Amino acid sequence: MIKRVKSIWLDTKNATINSNRTQFTFNNLPVIQVRGNICHLKVNSISGSSTSGSNDYINHTYVIKLGNVKYNHSYYFNCDKNATPTIADVMIDANKGFHLNNSTLTLPEQDINQLYLSIKKEDGSGLTKATHNIDLYFNIIIEEYDYEKIN
């Protein structure tokens, strides 16, 4: 199999954000062409920051969902009965260690130029703590596999 990897960097500071900071829409992305016999989307890494200058983002669990992207429904099980797929459950501990759940989303071929992330903490609130905003910086990868032709 031939493998290609595309890396997408998303910063919540650069998104259009709803009032309770739970939905982050990334408009006008450069076109991301998803091509291949098998394509997987994964969250590779996450980092955080807070407008307070402190570590307001630690000791929380975040559920991150991906919207406005086609995915293969037959390869995805959604236990929360929400049609928006979960791409990561992340716990950021006191040592700033990130614990990802290694979710993989199978994608069909498509062109992506806009997507959104729905991000909620364990209590259902958005990326805020007290009066401070929390921002997350993501590296999402798309792995594309092509079958090799055998003559």
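Residues count as buried under 20% relative accessible area, as exposed over 50%, and as partly exposed in between. Keep that cut-off at hand for these exercises on a predicted model.

**Exercise 1. Classify Lys6 and Glu144, then find what joins them.**

*Step 1.* Lys6 has 25% relative accessibility, so this residue is partly exposed.
*Step 2.* Glu144 has 1%, so this residue is buried.
*Step 3.* The two form a salt bridge, with 3.0 Å between the closest N and O atoms.
*Step 4.* Because Glu144 sits in strand β13 and Lys6 in strand β1, the pair ties together parts 138 residues apart in sequence.

**Exercise 2. Work out which network of salt bridges Lys6 and Glu144 belong to.**

*Step 1.* Look at Asp146 and Arg4: they form a salt bridge whose closest N and O atoms are 2.5 Å apart.
*Step 2.* Asp146 is in strand β13 (residues 132–146) and Arg4 in strand β1, so this bridge ties together parts 142 residues apart in sequence.
*Step 3.* Arg4, at 31% relative accessibility, counts as partly exposed.
*Step 4.* Put the pieces together: Arg4, Lys6, Glu144 and Asp146 are linked in a network of salt bridges. The full count of salt bridges is 7.

**Exercise 3. Decide whether Arg21 and Asp135 are buried or exposed, and locate their salt bridge.**

*Step 1.* Both Arg21 and Asp135 are buried.
*Step 2.* Their closest N and O atoms are 3.1 Å apart in a salt bridge.
*Step 3.* Arg21 lies in the loop between β2 and β3 (23–26), while Asp135 lies in strand β13, so the bridge ties together parts 114 residues apart in sequence.

**Exercise 4. Describe the surroundings of Thr12.**

*Step 1.* Place the residue: Thr12 is in the loop between β1 (2–11) and β2 (16–17).
*Step 2.* Its relative accessibility is 0%, so Thr12 is buried.
*Step 3.* Beyond neighbours within four places in sequence, Thr12 has contacts that include Phe24, Phe26, Ile119 and Asp135.
*Step 4.* A polar atom of the Thr12 side chain lies 3.0 Å from the backbone nitrogen of Leu136.

**Exercise 5. Step back and characterise the whole chain.**

*Step 1.* Count the elements: there are 0 helices and 13 strands.
*Step 2.* Take one pairing: β6 (residues 60–67) and β7 are antiparallel over 6 bridges, with Thr61 opposite Met91 in β7.
*Step 3.* Check the cover of β7 (residues 86–92): 5 of its 7 residues are buried. For the chain, buried residues make up 42% of 151.
*Step 4.* Compare the radius of gyration: the chain has 16 Å, which agrees with the value near 15 Å for a compact globule of 151 residues.

How values were computed:
Residues numbered from 1 in each chain as written. Predicted model: local features only at pLDDT ≥ 70, side-chain atom pairs only at ≥ 80, totals over all residues. Heavy atoms only, no water. Buried < 20%, exposed > 50% of the residue type's maximum accessible area, 1.4 Å probe, protein only. Helix = DSSP H or I, 4+ residues; strand = E, 2+ residues; numbered from the N terminus. Pairing = 2+ DSSP bridges. Polar contact = N/O pair within 3.5 Å; in protein donor to acceptor, adjacent residues only side chain to side chain. Contact = heavy atoms within 4.5 Å. Rg over C-alpha atoms; globule rule 2.2 N^0.38 Å. Salt bridge = Lys/Arg side-chain N within 4 Å of Asp/Glu carboxyl O.
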